Structure formats: C-alpha cells, structure tokens
Protein chains: 2
Amino acid sequence: MIWTVDPTAPEPLYAQLVAQVHVALSYGDLADGDRLPSARELAQSLDLNIHTVLRAFQILRDEGVVELRRGRGAIITARSTTGTTNATREADGVRQALRQYVDAGTAAGLPPEALITLLKEALRS
Amino acid sequence: MIWTVDPTAPEPLYAQLVAQVHVALSYGDLADGDRLPSARELAQSLDLNIHTVLRAFQILRDEGVVELRRGRGAIITARSTTGTTNATREADGVRQALRQYVDAGTAAGLPPEALITLLKEALRS
DNA sequence: TACTTGTTCTAGATCATATAGAACAATGTG
DNA sequence: CACATTGTTCTATATGATCTAGAACAAGTA
C-alpha cells in the first residue's frame, strides 16, 4: 500500500491517513489481518510527527477498523458482515451504488457538498 | 423553514447552516427563487454573530446555491439540470440511491466514516 | 430620502491541528 | 531472560481555524 499526505490540503493530516485506509479497505487492498506500518515508520517515511500518525491510528481503532497492541502494531480487524462472501464483489457493489447516488444527486441539481451533507445525515440515524 | 444550531457539535456553526440548506434543497423545502432570512435576522434568532451567518451565505454562494445582493438578501438559485422535471420526484430518487449506497457499504463491513471518505473521493474527480 | 442588506476591515478569544521531547508499558524476538 | 519494537501517556509550543465584536461602507428596496 502506498501512503501519501498533502500538507497543503484543507483536510487534516491525520484525516488523510484515515481516509487512505478507508479507500484501501473499499478496494480490498487492505483486509482482515493485514498489518499497517508502525507509527514511527510511517511518520518517518511521510515526514510527519509520530503523534499525528498515532492520532489516525486511534481514530481507526475507535471506528473498529484496526486493533492496536504495543509491540505488535495496527492490525486490520474490519470484517464483512456476510462472513465468507467475496470481499471484492461486495466492494464493487458499494462502488456501483456510490456512482448511482452521485449521478442521481447531480441530475437533481444538488451541489456536491449537499450530497456529503445528506450522507452524513443518513449515517447519523 | 426551521433553523437550528448546536454550539456543542463538532461541526462548525457556519457549516451547520450550510448543511441545513442542503437538506432543505434535497427535500424541496427550498426551491428556486426562495429567499433566506437576512443574515442579521438569522444571527439574532439563532444567537449567533452576523459574521458566522454571512460566512455560511458566502459558502452557499460559492457553491452556486444562492445569489447574494445587498438590500435584497440571499435567494436560492440552485436549479435542476433537467429543467421542467418534478423536483420532488428527483429528490426521492436521490434518497433511494443514498439508502442503497449506505446499505451496500454496511453490508460490505465498511465503517460509516469510510462511506463518507469514498463519496468525497468520488466527487473529487 | 430612509431603510434594509450584504461587504469589508480590524481586533481579540478560544479551540483544533501539528510538532517536539520524554518516559512508560505491553508485546515480540533472539 | 535480555533486548528491541510498538503503542500509550504526559507536558509543551507554534500556527491556523473558528467565533465573536464593532464599525464603516455600498448597493438595493420602499
């Protein structure tokens, strides 16, 4: 997995790291049991402070995406609710539904930011 | 339209105002030509500073959602790309696609935050 | 003209972000 | 066991975003 951060982006650095794990999960590039690079390793290669990386790790832990243990690192614990189903096929379904949502939203004349707002509202309840 | 803000929420106050306009648009509660309350009026009723409200107005203007003119206020300019089509029907289609996306994402075991990340990625390109 | 409304400017307080250093605890390895 | 690895916790500092506050201004409405 390739890690990158853009210090000039409006998104916080720790949020960029979290987002990359999300995307990797959706593509199947990261799966149950995979281990992320250590916080010190990531911080050095990305020229970040270790606390910034650790903040991303702790958010992922709170999300239930990774399990953190000292000496071992961050291991992916996100699992499909359907168990033995092919993860790649499910990821494709997600992306298909995502495209349809974006298409419907733009067809309705809603600005892109509104689509994000509506999704957050839907996830809140 | 009912306006509310939560000072304890992590979302910035101006972003909460922007989000409410987005939601109202998606429900058809706000449509082309509608006028928002004046910034001073909104600020007083919500116990906010006028600059906070004006910041939300300017974001909505940058999004192309409203048109701002001194003396007149903020008027909705968001329009459906299909023109004469029923706005309510389109809004329903958006919500149906949104639900399918959320369902597919949760079925794939993706955390809610990941769905937001993926949507932002999809809108970036 | 008088009033309304958004625009622009300065200013200050508070919180989030990011960095930095240090010591510590749990885990894995030889 | 001893040692290195790795996350955890603590204090501290600098910077920017957010929010409030006040004032003067410009363009539109009545």
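Of the atoms of DNA strand C within 4 Å of the protein, what percentage belongs to sugar or phosphate, and what is left to the bases? Sugar or phosphate accounts for 63% of those atoms, and bases make up the rest. Bear in mind that this is a predicted model.

So who's sitting around the strand? A total of 26 residues surround DNA strand C, and the closest are A:Leu13, A:Tyr14, A:His51, A:Thr52 and A:Arg55. Chemically it's a mixed bag: the surface near DNA strand C has nine nonpolar residues, nine polar ones and eight charged ones.

Both chains chip in. From chain A, α1 (13-27) and α3 (50-62) each supply at least two residues of that surface. Chain B does so through α2 (39-46), α3 (50-62), β1 (66-69) and β2 (73-76). The largest share, five residues, comes from α3(B).

Here are some polar contacts to DNA strand C:

| Protein side | DNA strand C side | Distance |
|---|---|---|
| A:His51, polar side-chain atom | base oxygen | 2.4 Å |
| B:Arg61, side-chain N or O atom | phosphate oxygen | 3.0 Å |
| A:Asn49, backbone N or O atom | phosphate oxygen | 3.3 Å |

In words, A:His51 reaches a base oxygen with its side chain, while A:Asn49 meets a phosphate oxygen through a backbone atom. B:Arg61 also pairs with a phosphate oxygen, using its side chain.

Now for the strands of chain A. β1 (residues 66-69) and β2 (residues 73-76) run antiparallel and are joined by four bridges. One of the residues involved is A:Val66, whose bridge partner in β2(A) is A:Ile76. Three residues lie between the strands of this hairpin, where A:Gly71 takes a positive phi near 85 degrees.

Note on methods
Residues are numbered from 1 along each chain as its sequence is written. Chains are lettered from A and ligands numbered from 1 in the order in which they are written. This is a predicted model: local features need pLDDT of at least 70, side-chain atom pairs count only at pLDDT 80 or more; totals for chains, interfaces and linings use all residues. Side-chain values use heavy atoms; hydrogens and water are left out. A residue is near a molecule or strand if one of its heavy atoms lies within 4 Å of it. A polar contact is a pair of N or O atoms within 3.5 Å; within protein, one must be able to donate a hydrogen and the other to accept it, and residues adjacent in sequence count only if both atoms are side-chain atoms. Ala, Val, Leu, Ile, Met, Phe, Trp, Tyr, Cys and Pro count as nonpolar, Asp, Glu, Lys and Arg as charged, and the others, Gly among them, as polar. Two strands pair if DSSP finds at least two bridges between them.
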